[in-house]
Amino acid sequence: MAPVGPLARISRLGSGICRNHRLIFNRSPQRRGIASCIDPAHGLSDEQREFQKVAFDFAANEMAPHMAEWDEKEMFPIETMRKAAQLGFGGIYVQPDVGGSGLSRLDTSVIFEALSTGCVSTTAYISIHNMCAWMIDTFGNTEQREKFCPDLCSMEKFASYCLTEPGSGSDAASLLTTAQLKGDHYILNGSKAFISGGGDTDVYVVMCRTGGKGPKGISCLVVEKETPGLSFGKKEKKVEFIVVLAVTVLTWSKNSFSISSFHINTLPTASCSLGAAHACVQLARDHLLVRKQFGETLSNNQFLQFKLAEMATKLVASRLLVREAATALQESRSDAVSLCSMAKLFVTDECFNICNQALQMHGGYGYLKDYAVQQFVRDIRVHQILEGTNEVMRMIISRNLLTES
């Protein structure tokens with residue numbers, strides 16, 4: 001496939017984004033513009049500002065108006081995600097020769113933050129899909145990359161990541177799903193749980209045991225949906241493998257599992273939390289400016305002014321930490337793992353607190369489904385758990401501090 005430049009793709013298709021500015025009551029965090037002190041464009045290059053704007057526009061016009069419906073009906077918005085893929089968001093940090101945008105980890109964070117202002121849960125899935133495409137691009141051979149990546153980058157096909165098992169969560173290295181080589185194929189036995197998109201997706205990137213105990217005995221296999229023996233459980237989408245044949249194994253170095261388990265998607269998760277918090281700060285500000293109590297708007301209440309100031313400060317601090325960690329990861333710095341863990345820990349905790357405080361500022365209205373703030377609170381609470389719980393992040397950070405000479 002011929003390389004496609006990310007900006008060429010974005011500029012060519014970005015003008016086609018719907019710009020009807022249709023507003024749903026209290027749903028669009030874009031209404032009043034962005035206060036300069038929390039402007040997420042600060043410090044970005046002109047190129048980064050351009051695709052950030054495209055992502056913000058897409059979030060406001062294609063995602064935010066449908067966020068509540070997707071949530072209520074538990075919809076997997078395939079067509080909307082394919083529109084996002086047309087803008088280059090299906091394989092953001094996948095190499096261009098197989099259809100990816102070839103952007104950096106910082107660029108990726110900027111995009112996911114912007115998209116999350118429109119719908120956190122949809123963006124979270126897009127981040128997982130991107131991770132799966134990147135894993136195949138990075139660890140697959142030429143044949144595997146050319147087979148899977150183009151369809152994933154266009155989101156003609158969707159991917160899911162299968163790590164967690166019913167008995168293996170934070171201790172991911174204790175997973176029990178096994179893969180045994182039989183001639184020219186593998187026989188895969190086991191089950192996986194909490195699979196984002198499970199049942200609706202086409203490609204499953206499965207972590208399984210091909211060797212002894214511990215992380216060094218773990219490999220990564222790609223299973224296609226049509227593979228005989230693959231089945232799905234109830235709505236939680238527990239995936240079961242019973243004598244699954246002819247799966248594709250990726251080249252997997254002995255140190256890759258520890259990186260994959262807790263660091264491939266920690267920054268995208270933190271970035272999604274940033275987007276929710278950014279939207280909630282703006283929603284809270286808008287509410288304070290129009291809601292009256294005791295004869296004046298809430299914006300005149302000093303206690304609420306101070307709370308809003310604290311929310312904005314934590315938002316900007318969180319954003320700076322994510323961007324520093326993204327740069328470290330892109331440059332393969334020695335502090336990358338610790339910084340990614342710090343970003344996941346600090347940002348998902350603080351951004352949840354920001355959204356929760358925004359709901360509190362809305363009073364009883366914050367609990368109504370007509371107000372987007374309650375959905376942001378619900379959608380990002382899980383970010384303190386998935387992609388390695390924040391307790392595990394603390395373990396990783398402290399281990400680094402205590403073992404470095």
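**Exercise 1. Sort the residues of strand 4 by the way they point, and say whether they are buried or exposed.**

Solution. This is a predicted model. Step one: take one direction. V203, V205, M207 and R209 point that way from strand 4. Step two: take the other direction. Y204, V206 and C208 point there. Step three: compare with the general pattern. In a regular strand, side chains alternate between the two faces of the sheet. Step four: check burial. Residues on both sides of strand 4 are buried. The count for strand 4 (residues 203–209) is seven of seven, so the strand is mostly covered.

**Exercise 2. Find how strand 4 pairs with strand 1 and with strand 5, and in which sense, parallel or antiparallel.**

Solution. Step one: start with strand 1 (residues 159–162). Strand 1 and strand 4 run parallel and are joined by four bridges. Here S160 stands opposite Y204. Step two: move to strand 5 (residues 218–224). Seven bridges pair strand 5 with strand 4, in the antiparallel sense. Step three: locate partners in strand 5. M207 has C220 as its bridge partner, and Y204 stands opposite V223. Step four: check the cover of strand 5. Six of its seven residues are buried, and strand 5 is mostly covered.

**Exercise 3. Determine how many disulfides the structure holds, then examine C149 and C208.**

Solution. Step one: search the whole structure. The result is zero disulfides. Step two: examine C149. Its nearest cysteine sulfur belongs to C153 and is 5.7 Å away. The cut-off for a disulfide is 2.5 Å between the sulfur atoms. C149 is in no disulfide. Step three: examine C208. The closest cysteine sulfur is in C220, at 7.5 Å, which is too far for a bond. Step four: check burial. C149 has 0% relative accessibility, so it counts as buried. C208 also has 0% relative accessibility and therefore counts as buried.

**Exercise 4. Compare the end-to-end span of helix 2 and of helix 11 with the expected value, then explain why each is largely enclosed.**

Solution. Step one: take helix 2 (residues 46–63). Its 18 residues reach 25 Å from first C-alpha to last. The expected value at 1.5 Å a residue is 26 Å, and the two are close. Step two: count burial. In helix 2, 13 of the 18 residues are buried, so the rest of the structure largely encloses the helix. Step three: take helix 11, with 26 residues. The end C-alpha atoms are 36 Å apart, in agreement with the 38 Å that helix 11 should span. Step four: count again. Helix 11 is largely enclosed by the rest of the structure because 20 of its 26 residues are buried. Step five: look just past the helix. There G363 takes a positive phi of about 60°.

**Exercise 5. Identify the residues that touch the most other members of the largest nonpolar core, and the helix that gives this core its largest share.**

Solution. Step one: recall the general trend. In soluble globular proteins, nonpolar side chains tend to be buried together. Step two: list the most connected members. Of the 98 residues in the largest nonpolar core, these are F89, M135, I136, Y161 and F376. Step three: find the main contributor. Helix 11 (residues 336–361) gives the largest share of this core, 12 residues. Step four: look for another core. A second, separate core has 11 residues, among them C162, A179, L188 and L230.

**Exercise 6. State how many cavities of 30 Å³ or more the structure holds, and describe the largest cavity.**

Solution. Step one: count. There are two cavities of 30 Å³ or more. Step two: give the volume. The largest cavity has about 50 Å³. Step three: name the lining. It consists of R105, T108, S109, L267, P268 and S271. Step four: assign helices. Helix 5 (105–116) and helix 9 (266–290) each supply at least two residues of this lining.

Conventions: Residues are numbered from 1 along each chain as its sequence is written. This is a predicted model: local features need pLDDT of at least 70, side-chain atom pairs count only at pLDDT 80 or more; totals for chains, interfaces and linings use all residues. Side-chain values use heavy atoms; hydrogens and water are left out. The expected span of a helix is 1.5 Å times one less than its number of residues. Buried means under 20% relative accessible area, exposed over 50%, partly exposed in between (1.4 Å probe, protein chains only). A nonpolar core is a set of buried Ala, Val, Leu, Ile, Met, Phe, Trp, Tyr and Cys residues joined through side-chain atoms within 4.5 Å. Two strands pair if DSSP finds at least two bridges between them. On a 1 Å grid over the protein atoms alone, a cavity is a set of points where a 1.4 Å probe fits but cannot get out, and a pocket is an open set with protein on both sides within 12 Å along at least five of seven lines; lining residues have an atom within 4 Å of a point. Grid points are joined across faces, edges and corners, and a volume is the space filled by probe spheres set on the points.
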